Amino acid sequence: MEAKKIKSREEGNSDVTSHQDSFFENSKWLTTKQAAKYLCTSPKQVRKWRYEGKIRGYKLFEKSLRFKLSDLDLLLKGDPICR
């Protein structure tokens, strides 16, 4: 019975890992500076919009702040984006 629990935990982790991998692979990621250039604004303004919840920012490896290109496109279209 214990072996079954361990096996199902391992299987569950592989689903999470594959979901995380597809999340990162299927998106174009930009740094704050690149996002600012794409939006024709300053990095400071991009960080302000993130703080205000107008665009989503993702912390990668607890240091790097990245923005998904698709989220920036929504901002340009005028669609609201939540954190």
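This is a guided tour of one protein chain, with a suggestion at each stop for what to select next.

**Stop 1: the whole chain**

Before you click on anything, keep in mind that this is a predicted model. Show the whole chain as a cartoon and you'll find four helices and three strands. Trace the cartoon along the sequence and the pattern reads α-β-α-α-β-β-α. Now switch on the surface: the chain exposes about 6600 Å², and carbon and sulfur atoms supply 53% of that. How much of the chain counts as buried? Of its 83 residues, 23% do. One more thing about the overall fold: take the contacts between residues at least 6 apart in sequence, and 51% of them join residues at least 24 apart.

**Stop 2: the sheet**

Select the strands. They form an open sheet of three, in the order β1-β3-β2, with antiparallel pairing. Color β1 (29-30) and β2 (58-60): these stand at the edges, each with a single partner strand, so one side of each has no neighbour in the sheet.

Now check the pairings. β1 and β3 are antiparallel and share two bridges. Click L30 and look across to β3, where F67 stands opposite. Next, β2 and β3 also run antiparallel, joined by three bridges. Here you can pick out Y58, whose bridge partner in β3 is R66, and L60, which faces S64 in β3.

Follow the chain around from β2 to β3 and you pass through a hairpin with three residues between the strands. Select F61 in this hairpin: its phi is positive, near 55°.

**Stop 3: a helix on the sheet**

Add α4, residues 69-77, to your selection. This helix packs on the sheet and touches β1, β2 and β3. Its direction makes about 60° with that of β3.

**Stop 4: R66 up close**

Stay with the sheet and select R66, which is found in strand β3. Is R66 buried, exposed or partly exposed? With a relative accessible area of 24%, R66 is partly exposed. Leave out residues up to four places away in sequence, and R66 touches W29, L30, T31, R56, G57, Y58 and L60. Try the distance tool on R66 and R56: they are ten residues apart in sequence, and their C-alpha atoms are 8.8 Å apart in space.

**Stop 5: two crossing helices**

Hide the strands for a moment and show α2 and α3. The two helices pack at an angle of about 100°, with their axes 8 Å apart. That angle makes α2 and α3 roughly perpendicular to each other. Which residues meet where they pack? From α2 come T32, K33, A35, A36 and L39, and from α3 come P43, V46, R47 and W49.

Zoom in on T32, which lies in helix α2. T32 is buried, with a relative accessible area of 12%. Setting aside neighbours within four places in sequence, T32 is in contact with P43, V46, R47, L65 and F67.

Over in helix α3, select Q45. At 23% relative accessibility, Q45 counts as partly exposed. Put the distance tool on Q45 and T32: you'll get 9.7 Å from C-alpha to C-alpha, for two residues 13 apart in sequence.

**Stop 6: the loop between them**

Now select C40, in the loop between α2 and α3. What is the phi of C40? It is positive, about 60°, although C40 is not a glycine. C40 is exposed, too, with a relative accessible area of 72%.

**Stop 7: the largest nonpolar core**

Bring everything back and show side chains for L30, A35, A36, L39, V46, W49, I55, L65, F67 and L72. Together these ten residues make up the largest nonpolar core. Color by element and you'll see that α2 (32-39), α3 (43-52) and β3 (64-68) are the ones giving two or more residues to this core. Which element gives the most? That's α2, with three residues.

Finish on L65, one of the core residues. Not counting residues up to four places away in sequence, L65 touches L30, T31, T32, R50, G57, Y58 and K59. You've met T32 already: L65 was on its contact list as well.

Technical notes: Residues are numbered from 1 along each chain as its sequence is written. This is a predicted model: local features need pLDDT of at least 70, side-chain atom pairs count only at pLDDT 80 or more; totals for chains, interfaces and linings use all residues. Side-chain values use heavy atoms; hydrogens and water are left out. A nonpolar core is a set of buried Ala, Val, Leu, Ile, Met, Phe, Trp, Tyr and Cys residues joined through side-chain atoms within 4.5 Å. Buried means under 20% relative accessible area, exposed over 50%, partly exposed in between (1.4 Å probe, protein chains only). Contact means heavy atoms within 4.5 Å. Two strands pair if DSSP finds at least two bridges between them. Axes are lines fitted to C-alpha atoms, for helices over the stretch in contact, and angles run from 0 to 180 degrees between N-to-C directions. Accessible areas come from the Shrake-Rupley method with a 1.4 Å probe; for residues, only the protein chains shown count as cover. Angles under 35 degrees count as roughly parallel, over 145 as roughly antiparallel, 65 to 115 as roughly perpendicular and the rest as oblique.
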